Each structure stands twice: as C-alpha cells, then as structure tokens.
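Trainee: I would like to learn how to read the surroundings of a bound ligand in a model. Could you take me through it step by step?

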Amino acid sequence: MRNVLRCLRQLRPAFQRQDCILISDLVAETPCHFEKRCHIHSSAYRVVDHAETNLFKNHSFVTTTRALSIDAAKLTSRETNRAGPLVEYERRIANGELVEGDSFQVDTLRELQRLYDELVESADACQLDHNSEKPVRSGWLWSRLLSHPSHSPVRGLYLYGGVGTGKTMLMDLFFYQLPSNWRKKRIHFHDFMLNIHSLLKKHKGLADPLEAVAGEISDEAILLCLDEFMVTDVADALILHRLFTHLFSKGIILVATSNRAPDNLYEGGLQRDLFLPFIASLKERCVVHEIGSTIDYRKMTSGEQGFYLVGRDLSGFLKQMFQQLIGEGTPTPQEVEVKMGRKLHVPLGANGCAYFTFEELCDKPLGAADYIGLFKNFHTLALEGIPIFGLQNKSAAHRFVTLVDMIYENKVRLLCTADGSPHELFARILTVTEAKHMAPRTSSRSRKNDDSDLCVDDELGFVKDRTISRLTEINSKEYLEQHAAMLAEKKDGVDQNVLEA
Ligand SMILES: Nc1ncnc2c1ncn2[C@@H]1O[C@H](COP(=O)(O)OP(=O)(O)OP(=O)(O)O)[C@@H](O)[C@H]1O
C-alpha cells in the first residue's frame, strides 16, 4: 500500500491536469482516505474498476486526456522516464566525471535503461518493506516477475566484452540509480561463489541444499548484479545450472558482466557437457549484449604514480615506502579470519597496511577467499618480487590474477616490486591461437632461451589483458584518489559511529 501511495503522490501533477483515470483496485483505501493521504481533490481524478477500463476508451473525458492510467506503476515510470542510467551517464559527462564514451557504451546503456524501466514498472516486486524483516512478495506485481503463463518474466542482462571498456562502470551506474531500499545486491562473482559454498555447508544434509541456498539469496535480493562472471572451477561449474534453475524460478533477475560470451564460459573445462544447460538457461533469462568496443578506458588514466617498481634488489626501498605509509606504527606478524573458519597469516602488518613477499601470497595454496579476508582487514598491500610468468610458475600466475582482481574490486592500494612491467610479466603467456600465430624462432639458441618457459594456456592467456590493464590503473593518480576517498569515507563512518555511541 505504501508503494501505491507513493506512486500516486508522484502522479499528483498528472491528476491535477486531469490526465489520469485511477483504477480502483490499486487504491485499496477508500477514495476519501486516498485524497487525504495524497492531497488530491476529488474533482481531479476518477476511479473505475479494471473491468470498466474498456468502457472508457471512447469516452470524451478519456480521449481528451493525455494518459489513461491502466496501472499506477506504469504511469510512474512514464512520468519519471527522465531518470535512470542514461540520464545519469549524461549528467556525469556534463560534469566532467566521465569522458564522452563511444557509441558502444551508449548502446549498452540503452539495454540497461530498458531493464531499469521494466523494473521500475514492476517496482512492488523489487522493494523491501521497511516494517517487516521478511521481504514482501505478495501481489500481482510480484507475480509478473515469475514465470507466469500470461506474463513473461523480466529478462536480465548479460554484458560481455573487452577489458576496460566500461562494463562494470555501466552496471554500477544502473545499480546505484535504482532506489537503495530495493531488494538488490551487487557482488563480485568470486565473492558470490564463496557465499554459495558456505551456504551449502550450512544446509548440508537437506535433500536439496541448493534450493535452500537459492531461497536465502532470493530473500535478500531479487535483482542480482554479478561483476566479472567467469567459471574456472569445476566445483562451481557443476552447481551453477541447478543453482540458477532455483534462483530463476524464485524470480531472481540477473545482471552480469564478463569478458566472455556465454558460449565461451568454462571453455575446455572438465565435464563441460554438464555445464552446457546453464548456458542455455542464461541465454533464456538474460538479454545477451556484447559491448563491442575496443577502447580500454584505463589507458586514459594519468601516468604512473611510482608505486609499481621494476627491478631486482628493491626490497629495501619497498620496505621504506611501506614504513612511510604506516607512519608511527610498528609492523608485526598477524592473523586474519577468512571465510569458512580459516585463518591467513600476515607476515607484517600495521595501520591497515600488510607486507608479503610474492611467494608468501601467491605461491601457496591460497585463493579468492583468503584475499577477500585479507582486504577486509587491510587497505594497502606491499608485495615484494612479482616474477615474470611462464610455464614454471603457472599456478602462481593464476593466483596473482585473482589477487589483482580482488585488489581492484576492493580499491586496495598496491605497492610492489616486479621483474618487469605489467606487459612483460605476461609476455610468455599465450592463448592457443596466439601460439599458433607465433613466428617460428630461427636460431635454436633463442628458442632455448625464450620458448622453454612459454606457457600456452587459454584461460590465463585470456585473462592476462585484464590483469595488465588493472595493474596499470591501480598505479594511476585517479585510482589512488579513489582509494583515498574510500578511506576517508570509512573513517567518517567510524567517527559517526563513535559519535552515535
Ligand atoms: N566513459 C568513461 N569515461 C571515463 N572513465 C571511464 C569511462 N568508461 C570507463 N571508464 C573507467 O575505465 C576504467 C575501466 O572501466 P571498467 O572497470 O568498468 O571496465 P570493464 O569493462 O569492467 O573492465 P574489465 O573487463 O577489466 O573488468 C574504470 O576506472 C572506469 O571508471
């Protein structure tokens, strides 16, 4: 009811222009109550039943009006169709926060705007009632989102394309334009899958634990935005189809960004045939849109800020920089809690800054859960001795890619020493296609030196561009400003809590 009233209040100008006929079953309260709550005079609107709407088609009152209100939510969207991601994008360009993007970004925004409008139309279904702890999911608007014989469900969006083309930025723009009290969640894919595995543990023993997991997720959010959808793990690949069958049947609307087209997800993975039904349902429930652009906007960031040091024997210098960032504190060994009851040893840490050698963080059986736990506790990472990657240290390269994703996602400040520039680190990693196109070496000596450690790996070869692009941005002035702003925001939050306490 509260939502209907809010919709109606927003429509007040339309009522006052006598542009609307109100359908009575949307106004569960008596007209008198409605007038009082919405401050609308009885002469400004007319109430009819749904069944009566046909009768008004040729009615003089209706034909002279601008809009026949068939449902209040639809009209609200029409009235407010100057809101949403497209308008916000234009506003940011006008403000100089964004540069005028290519036509591919605008085409992508049109898709996001389409979804925004559809969601606003189905607003009731996505909102959380503040008075109840459980989400409200009753009413005909809710049912519109579910598979209903007469209503097709709202289709989400699967957005894929090249690195740095703005997929995450555009998805976030869409996400944060939707009201904050909606049942929506935006999460990195790694984090999402970790949550799934811990929920599975919690529901172990049930006949279908995945259904219970899907129930918990859909209680929290109906709009699920997953950043960087990628499937590399066989355990993830095997549960995704069943998980999303439950999620979609519970009305979840998925928006995802990825570097991979749906058909290329988990390419070459073990037991991929069991993963294929997931691709089919993904395509059915999401509009698949390729951003198409080749512009890496990260390359537009200003030059390096000196936190990425190339060369050997720079560990003394790195430790000095680390100490400067810590200030007065003395770094000590520490332990942080990571997911599923595990602990991660931090060799040196103080004042939100952690120090690791590359071996300590990427040459041990650690993964996304450990890195997420680390960055919940530390906002700055000093990493000593990133090597050139190749066949010999392929597993460490995989971990490093995950580490950089988590650094970027959490806006962590990275200072590091490396054996080469970001490009040089990955120069020996090739996709199968790249390897086929490589010119054969002429001298056996150069082949021995250069090719012996070449690593032909489609998965790594595919993600290396993202890691190079991110490492470059992480060392830019703009990124470090965002990091500083995030710290200031957190500090304000803490200060505010102290004041309130
Ligand atoms: N039109 C634009 N104007 C200014 N900056 C932009 C624009 N588009 C994207 N960016 C910036 O470029 C950087 C990369 O964008 P984003 O992370 O959204 O790319 P992505 O396609 O998700 O990349 P990846 O494939 O690596 O995940 C971000 O810092 C983003 O804010």
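Mentor: Begin with where the ligand sits: in this predicted model, the space that the ligand takes is the largest pocket.

Trainee: Which residues of the shell come nearest to the ligand?

Mentor: One looks for residues with a heavy atom within 4 Å of the molecule. Here 19 residues surround the ligand, and those that come nearest are K167, T168, M169, R470 and E473.

Trainee: Which helices and domains supply the shell around the ligand?

Mentor: Both α10 (167-177) and α22 (458-474) give at least two residues each to the shell, and domain 1 (19-291) and domain 2 (307-474) each contribute at least three residues to the shell.

Trainee: How many nonpolar, polar and charged residues does the shell have?

Mentor: Sorted by class, the shell around the ligand holds 6 nonpolar, 7 polar and 6 charged residues.

Trainee: What polar side-chain atoms lie by an oxygen atom of the ligand?

Mentor: For a polar contact, one asks for a pair of N or O atoms within 3.5 Å. A polar side-chain atom of K167 is 2.7 Å from a ligand oxygen atom, an N or O atom in the side chain of N259 lies 2.8 Å from an oxygen atom of the ligand, and for Y408 the distance from a polar side-chain atom to a ligand oxygen atom is 3.3 Å. As for cover, the ligand on its own has 640 Å² of accessible area, of which the protein covers 89%.

Key: Residues numbered from 1 in each chain as written. Predicted model: local features only at pLDDT ≥ 70, side-chain atom pairs only at ≥ 80, totals over all residues. Heavy atoms only, no water. Polar contact = N/O pair within 3.5 Å; in protein donor to acceptor, adjacent residues only side chain to side chain. Areas by Shrake-Rupley, 256 points an atom, 1.4 Å probe, with all protein chains shown as cover. 1 Å grid on protein atoms, 1.4 Å probe; cavity = no way out; pocket = protein on both sides within 12 Å on 5 of 7 lines; lining within 4 Å. Sits in = over half its atoms within 2 Å of the grid points. Helix = DSSP H or I, 4+ residues; strand = E, 2+ residues; numbered from the N terminus. Nonpolar A, V, L, I, M, F, W, Y, C, P; charged D, E, K, R; others polar. Domains from an automatic or database assignment.
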